[in-house]
Amino acid sequence: MPQAVLKRSFDRLTSLWPERVALQAHGAAVPHRRKDDVAVAAPSQVSLVPPTEDMALRRQQHAATVLREHGHAQLIDDDHATQIAALLRTFVLQTDDDVLSGAGGADRGMLVLLLRGEVRAELQRAPHEPMVWGVLGPGQWVGELPASMGGSASTSMAYYANSNIEVGVLPLSSLQNMMLNRPDLAASLLLIVSQQL
């Protein structure tokens with residue numbers, strides 16, 4: 001057994017030396033390599049930049065994990081978490097960016113799920129200075145519903161990135177489509193959002 005391991009190791013090392021080619025040219029005996037050794041020794045191509053599809057799938061899987069793991073397990077099942085995650089458009093924002101504006105414009109009805117990082121919620125109190133209302137982490141939703149869907153007509157809260165953050169955006173059009181065509185999924189989403197907004 002130790003001899004077989006030693007022989008395989010020797011085979012791998014000799015494949016790196018040009019002298020092996022010289023041995024073959026002169027008809028010298030060359031140790032026979034097994035098929036699985038060749039597969040291990042064959043160089044593989046490695047890309048340092050993952051394909052766009054892989055990156056999108058990873059972001060979607062991460063969003064579904066955030067939905068399941070950050071306090072929503074009682075409110076949403078795995079299938080609905082995956083379906084909602086598939087509808088999100090992800091954005092990366094920089095420190096102090098306005099989350100609602102930076103994630104696709106100050107569009108009423110846009111819901112934003114915080115995926116990575118922290119956001120500070122500020123209560124706007126004109127003519128006074130804004131007051132920090134709280135700090136939100138992954139799994140928290142920000143945004144507001146339009147007045148036609150029961151939301152407030154005036155915005156009193158603003159959200160700013162405390163660091164570089166990643167968010168998932170659910171546009172109003174996707175939310176409306178979900179309510180018309182997938183009411184069970186919309187009910188799961190609105191149950192979660194109603195607990196936070």
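These are my notebook entries on a sheet, a cavity and one helix residue in this structure, which is a predicted model.

**Entry 1, the sheet.** I looked up the strand order first and found an open sheet of 4 strands, arranged 1-7-2-5, with antiparallel pairing. Strand 1 (89-93) and strand 5 (141-143) stand at the edges, and because each has a single partner strand, one side of each is left without a neighbour in the sheet. I also noted the twist: neighbouring strands of this sheet are turned by 35° against each other on average, with direction ignored.

**Entry 2, one strand pair.** I then followed strand 1 to its pairing with strand 7 (residues 165-170), which is antiparallel and runs over 5 bridges. Within this region I noted that Thr90 stands opposite Gly168 in strand 7. As a reminder to myself, strands of a sheet pair through backbone hydrogen bonds, either parallel or antiparallel.

**Entry 3, the cavity.** I searched for enclosed space and recorded 1 cavity of 30 Å³ or more, and for the largest cavity I wrote down a volume of about 40 Å³. Its lining is made up of Val99, Val112, Leu114, Val119, Leu136, Gln140, Val142 and Val167. Sorted by class, the lining of the largest cavity has 7 nonpolar residues, 1 polar residue and no charged ones.

**Entry 4, Ile192.** Is Ile192 buried or exposed? I placed Ile192 in helix 8 (residues 183-194), and I entered Ile192 as buried because its relative accessibility is 0%, where the cut-off for buried is under 20%. Lastly I checked Ile192 against Gly139, which is 53 residues apart from it along the chain, and found their C-alpha atoms separated by 10.0 Å.

Definitions and conventions: Residues are numbered from 1 along each chain as its sequence is written. This is a predicted model: local features need pLDDT of at least 70, side-chain atom pairs count only at pLDDT 80 or more; totals for chains, interfaces and linings use all residues. Side-chain values use heavy atoms; hydrogens and water are left out. Two strands pair if DSSP finds at least two bridges between them. Axes are lines fitted to C-alpha atoms, for helices over the stretch in contact, and angles run from 0 to 180 degrees between N-to-C directions. On a 1 Å grid over the protein atoms alone, a cavity is a set of points where a 1.4 Å probe fits but cannot get out, and a pocket is an open set with protein on both sides within 12 Å along at least five of seven lines; lining residues have an atom within 4 Å of a point. Grid points are joined across faces, edges and corners, and a volume is the space filled by probe spheres set on the points. Ala, Val, Leu, Ile, Met, Phe, Trp, Tyr, Cys and Pro count as nonpolar, Asp, Glu, Lys and Arg as charged, and the others, Gly among them, as polar. Buried means under 20% relative accessible area, exposed over 50%, partly exposed in between (1.4 Å probe, protein chains only).
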